[in-house]
Each structure stands twice: as structure tokens, then as C-alpha cells.
Amino acid sequence: MQYIANDIHNTVENTIIPIIKALIDGVETDEEIANSTEIKLNIVRRILYKLYDLKIANYKRSKDPDTQWFTYSWKFEEDELIEKVNEESEKVLAQLKDSLLKEEHNIYFACPHGHVRYNFDEASDDEFFCVCGEELMFQDNEEVIESIKTKIAETESDLKSFNKKMAKD
Ligand SMILES: [Zn+2]
């Protein structure tokens, strides 16, 4: 998993970020982006269309009157990105806060073999037994609560620094 995470991290660092930077700097066509970033043209194109799918890049098509070929001028949609990141972060934060409330207002019982984790009501419905026949054990959820709190703090601080970075002066 770590290997895959590193791989994704490298892709973002070495291709996606340079391409977005080129767009922000006003480099418009796929070929110009490929030249200025030294990223292969087919990769540049693939990423541009991915950014388009995500609605954070857009293009205008125009016909060259001499060659009759189409040129695509790409533009990075900064406001769309800011909006999207904020929306996503708010969604994640709402879910985390919801889980935190649940954890703080319930006590939990779990199968020692890891099959199930129930709150009191769910556990008593099954008379405190797991489907495997093992008796459910009380589970201290202090660690779960702490880890949710940490995630909330991290998400909030990531969002704050993203917005600060993107803020126009
Ligand atoms: Zn079990």
C-alpha cells in the first residue's frame, strides 16, 4: 500500500502539479505545456482531460484558418477547484463530526475475532453474542475518539492552509 501511495504522490508531484502550474502561468495548448514541463504529450493530454472531467480545467476549441486544424486552449478553473476542495472538506468534516458524536454518546461491544462492533442497543438485540457464537466484549473507544479528533484537526488545518495558499491578494 505504501508503495502505491508513493507512486500516486510522485505522479501528483511530477506531472499534475507542473501541468496545473503551467496552466496558471498562461501556457495554453497541450504541446506548449508538454514543451514547458518536459512531460510527454500523451500524458499531458490525459491529465488535461482528467482535470476537465473534474471540472477544474476547461478548454476552448478554435480552428486555424490556414491549416484548418483545431487548437485547444486550456484554462485552469481556479475558483472551481477552490469550491470543490471546500465542498469536499466540509463533507468529510461533517461525517467525522457525526462519527465523533456517535462514539462519544455510545458504548461499544465487539467480537474478539473482529467480526462485529456494536453499540449497546445493537449488542443487546443479539444478546451480546457475535454471529460466530463468541461473546461480545466491552470495547473502550477512547482511542477511536482521539483518532477522529486528530483527523478533524488535520482536515481543518489542511483546508485552512489550502484556502490561504489560494487566496488572491
Ligand atoms: Zn465473531
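How many helices and strands does the secondary structure of the protein come to? In this predicted model, the count is 6 helices and 5 strands. The legends below take you from the whole chain to single residues.

**View 1. The whole protein, with its elements in order.** Starting at the N terminus, you can follow the elements as α-α-α-β-β-α-β-β-α-β-α. The protein has a radius of gyration of 24 Å, well over the 15 Å that the globule rule gives for 169 residues, so the protein is more spread out than a compact globule. Along the principal axes, the C-alpha atoms fill a box of roughly 80 × 40 × 25 Å. Buried residues make up 11% of the 169. Among contacts with a separation of 6 or more, 45% join residues 24 or more positions apart.

**View 2. Domain 1 and domain 2.** Here the protein is divided into two parts: domain 1 covers residues 2-76, and domain 2 covers residues 80-166. Taken over C-alpha atoms, the centres of domain 1 and domain 2 are separated by 38 Å.

**View 3. The largest nonpolar core.** This core holds 12 residues in all, among them Ile19, Ile33, Val44, Leu51, Ile56 and Trp74. Two or more residues each come from helix H1 (2-24), helix H3 (41-53) and strand E2 (70-76). H3 gives the largest share, with 4 residues. As a general background to this view, nonpolar side chains in soluble globular proteins tend to be buried together.

**View 4. A close look at Leu23.** Which residues is Leu23 in contact with, leaving aside its neighbours within four places in sequence? They are Ala57, Trp74, Lys75 and Phe76. Of these partners, Ala57, Trp74 and Phe76 belong to the largest nonpolar core, as does Leu23 itself.

**View 5. A second, separate core.** A further core, separate from the one above, has 5 residues. Look for Tyr118, Ala123, Cys130 and Leu136, which are included in this core.

**View 6. The open sheet.** In what order do the 3 strands of the open sheet lie? The order is E4-E3-E5, with antiparallel pairing. At the edges are strand E4 (117-119) and strand E5 (137-139), each pairing on one side only. On average, neighbouring strands of this sheet are turned by 40 degrees against each other, direction ignored.

**View 7. Strands E3 and E4 side by side.** Strand E3 (residues 108-110) pairs with E4 in the antiparallel sense, over 3 bridges. To find your place in this pairing, start from Phe109, which stands opposite Tyr118 in E4. Tyr118 is also one of the residues of the second core.

Note on methods: Residues are numbered from 1 along each chain as its sequence is written. This is a predicted model: local features need pLDDT of at least 70, side-chain atom pairs count only at pLDDT 80 or more; totals for chains, interfaces and linings use all residues. Domain bounds come from an automatic or database domain assignment. The radius of gyration is taken over C-alpha atoms; the globule rule is 2.2 Å times the number of residues to the power 0.38. A residue is buried if 20 or more other C-beta atoms lie within 10 Å of its own, exposed if 12 or fewer, and partly exposed in between; C-beta atoms are placed from the backbone. Two residues are in contact if their C-beta atoms, placed from the backbone, lie within 7 Å. A nonpolar core is a set of buried Ala, Val, Leu, Ile, Met, Phe, Trp, Tyr and Cys residues joined through C-beta atoms within 7 Å. Two strands pair if DSSP finds at least two bridges between them. Axes are lines fitted to C-alpha atoms, for helices over the stretch in contact, and angles run from 0 to 180 degrees between N-to-C directions.
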